[in-house]
Amino acid sequence: MGPLDGVTVVALEQAVSAPLCTRALSDLGARVIKVENPAGGDSARYIDDVVGGVSAHFVWVNRGKESVTLDLKTEAGLRTLHRLLDRADVLVSNLTPGTTAKLGIAPDDLATSHPDLIAVEIDGYGQGGPLSHKRAYDLLVQAESGACAITGTPGAPAKPGPPMADASTGLYAALSIVALLYSGERRSVTVSLFDTMTELMGYALNYTRHTGVDQQPRGMGSPAVAPYGAYRTADRRTVVLGTTNDREWQRLARELLGRPDLADDQRLRTNPGRVEHRDLLDTELAAWCARHELAYIQRRADEAGIGNARYNTPSDVLAHPHLAARDRWRDIDTPAGPVPALLPPPVISGYDPPMGAVPALGAHTDRVLAELGLTDEELRALRRDV
């Protein structure tokens, strides 16, 4: 049995934030009923068609769910949604601003109509501010929160590759749900992408508040510590080396580089000094790495207790021996047939995540609605309303 066996989640969701939230709950054993518009469903189904006609985004965050199609613009569709909510423990939504209020299912509404329901609403900017009305996508919120300004290189800001705002917000929402289920309390929760990203900007915001300095993006490096970065090797690979404290710096300089002169240099004795002279350190490390092959550098770094990694492409990660050795891949069913998917990150002793199928649009409508006691005539009437 999973930790959330017996928990039913209804999801009015699109894109990534809410779908990742509910997929995390499904991975823990919850039943997730994804309610979609019959006219196309979740728009994330169509971002691309690379997984046999289904988008890579959709396959990533929608396994293990049941797809039910309802037209919530009709009285019958909305009435049926309420019947689903009568039996649910949680409602998760991330619709466009104001949509749940128009449908009468905003958290305040549900506190009256479904007082035993945990109502979770994910939005872009939170309520009560000048941006509350705006649509919010991952890139937009990353730009608004300052994350793009500390990513990339000076003069060439960039968006972090993974959808950090969407993913982190979804996981904060899932954490809130698990906490409320554990406590037994039935409360409403709102989580915004903007609040999540400003939380993740905590170090940068604290630094700027107390120094008045906007830190510049450092590419593969870090504005906080040095040396810490990516360097080309003699065999045209890229190694990533880093230190996080003065003891590691001493080992790197003496044992890895064989440079006691750098270890004894008073300018480099502490991290603030090394940050000030990072160009000197990067030049020395780049020159040393350029003389040695990747495997040699990583072996020597491991022996010296220096953190290191190989710069990998997505293709490299798909074939990563560490994932294979730890049996991290499973096949899941999709509308296009079985495809490999990674197990969820938590490894819970004695529990195998269900790794359920990615649903076709509306695949579970009749079965789920029959559980509510809808008659064949009522089901036919719902279809006629589409």
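**Figure 1. Ser26 in helix H1 of the predicted model.** The view is centred on Ser26, a residue of helix H1, which spans residues 17–27. The structure shown here and in the other views is a predicted model. Ser26 has a relative accessible area of 4% and is therefore classed as buried, the cut-off being under 20%. Leaving aside residues up to four places away in sequence, Ser26 is in contact with Val32, Arg63, Gly64 and Pro354.

**Figure 2. The aromatic pair Tyr125 and Phe194.** Three aromatic pairs are found when the whole structure is searched. In the pair formed by Tyr125 and Phe194, the ring centres are 5.6 Å apart and the planes meet at 50°. The pair counts as tilted because this angle of 50° is neither under 30 degrees, as for stacked rings, nor over 60, as for edge-to-face rings. Tyr125 and Phe194 are 69 residues apart, and their pairing links distant parts of the chain. Tyr125 belongs to the loop between strand S5 (118–123) and helix H6 (138–144), whereas Phe194 is in helix H8 (residues 193–200). Tyr125 is buried, at 10% relative accessibility. Phe194, with a relative accessible area of 22%, is partly exposed.

**Figure 3. The aromatic pair Tyr203 and Tyr207 in helix H9.** A tilted pair is also formed by Tyr203 and Tyr207. The distance between the ring centres of Tyr203 and Tyr207 is 6.0 Å, and the angle between the planes is 50°. Both residues lie in helix H9 (residues 202–211); Tyr203 and Tyr207 are four residues apart, so about one helical turn separates them. Tyr203 is partly exposed, its relative accessible area being 43%. Tyr207 is likewise partly exposed, at 32% relative accessibility. Both values, 43% for Tyr203 and 32% for Tyr207, fall between the limits of 20% and 50% that define this class.

**Figure 4. The crossing of helices H10 and H14.** Helix H10 comprises residues 246–256 and helix H14 residues 294–304. The axes of H10 and H14 come within 10 Å and cross at roughly 125°. H10 and H14 are therefore oblique to each other, since the angle lies outside the range of 65 to 115 degrees for roughly perpendicular axes and is not over 145, as roughly antiparallel axes would require. The crossing of H10 and H14 is right-handed. H10 contributes Arg251, Glu255 and Leu256 to the contact, and H14 contributes Ile297, Arg300, Ala301 and Ala304. By class, the residues of the contact between H10 and H14 comprise four nonpolar and three charged, with no polar residue.

Key:
Residues numbered from 1 in each chain as written. Predicted model: local features only at pLDDT ≥ 70, side-chain atom pairs only at ≥ 80, totals over all residues. Heavy atoms only, no water. Phe/Tyr/Trp six-rings, centres within 6.5 Å; stacked < 30°, edge-to-face > 60°. Helix = DSSP H or I, 4+ residues; strand = E, 2+ residues; numbered from the N terminus. Buried < 20%, exposed > 50% of the residue type's maximum accessible area, 1.4 Å probe, protein only. Contact = heavy atoms within 4.5 Å. Axes fitted to C-alpha atoms, helices over the stretch in contact; angles between N-to-C directions. Parallel < 35°, antiparallel > 145°, perpendicular 65-115°, else oblique. Left-handed = near helix turned anticlockwise from the far one by under 90°. Nonpolar A, V, L, I, M, F, W, Y, C, P; charged D, E, K, R; others polar.
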